[in-house]
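This report describes an internal cavity and one of the residues that line it. The sequence and the structure are shown first.

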Amino acid sequence: MAKVQIKVNDNGSFHVTGDVELIDAEGNKFETKETFSLCRCGLSQNMPFCDGLHKGNFQSVVRANPLQQ
């Protein structure tokens, strides 16, 4: 099984790569591909997936804490 990677994009989505199951609160599986992006701004019309509506409307830059690495 491929290692799953989740990248936090500056001012954008969570970019997910790898073999992962995405499941809603009721246990229903979303159809996904090997690579997809999840919304983290709350503006997407295709939740939980990113549709690009964050561009120019959302700002968030996340950096790893070097003390925890």
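In this predicted model, D51 is found in the segment that follows strand β3 (35–38). The relative accessible area of D51 is 37%. Because this value lies between the limits of 20% for buried and 50% for exposed, D51 is classed as partly exposed.

**Surroundings of D51**

Leaving aside residues up to four places away in sequence, D51 touches S44, Q45 and N46. The side chain of D51 also makes polar contacts with backbone nitrogen atoms, namely those of Q45 and L53. The distances are set out below.

| Side chain | Partner atom | Distance |
|---|---|---|
| D51 | Q45 backbone nitrogen | 2.8 Å |
| D51 | L53 backbone nitrogen | 3.1 Å |

N65 stands 14 residues from D51 in sequence, and the C-alpha atoms of D51 and N65 are 29 Å apart in space.

**The cavity**

Rolling a probe the size of a water molecule over the atoms reveals where empty space remains. The structure contains 1 cavity of 30 Å³ or more, and the largest cavity holds about 50 Å³ of space.

Which residues line the largest cavity? The lining consists of G12, S13, C39, R40, C41, S44, C50, D51, G52, L53, H54 and F58. By character, these residues divide into 5 nonpolar, 5 polar and 2 charged. D51 thus appears in the lining, as does S44, a residue that D51 touches. L53, whose backbone nitrogen lies 3.1 Å from a polar atom of the D51 side chain, is also among the lining residues.

Terms used
Residues are numbered from 1 along each chain as its sequence is written. This is a predicted model: local features need pLDDT of at least 70, side-chain atom pairs count only at pLDDT 80 or more; totals for chains, interfaces and linings use all residues. Side-chain values use heavy atoms; hydrogens and water are left out. On a 1 Å grid over the protein atoms alone, a cavity is a set of points where a 1.4 Å probe fits but cannot get out, and a pocket is an open set with protein on both sides within 12 Å along at least five of seven lines; lining residues have an atom within 4 Å of a point. Grid points are joined across faces, edges and corners, and a volume is the space filled by probe spheres set on the points. Ala, Val, Leu, Ile, Met, Phe, Trp, Tyr, Cys and Pro count as nonpolar, Asp, Glu, Lys and Arg as charged, and the others, Gly among them, as polar. Helices (H or I, at least four residues) and strands (E, at least two) are DSSP runs, numbered from the N terminus. Buried means under 20% relative accessible area, exposed over 50%, partly exposed in between (1.4 Å probe, protein chains only). Contact means heavy atoms within 4.5 Å. A polar contact is a pair of N or O atoms within 3.5 Å; within protein, one must be able to donate a hydrogen and the other to accept it, and residues adjacent in sequence count only if both atoms are side-chain atoms.
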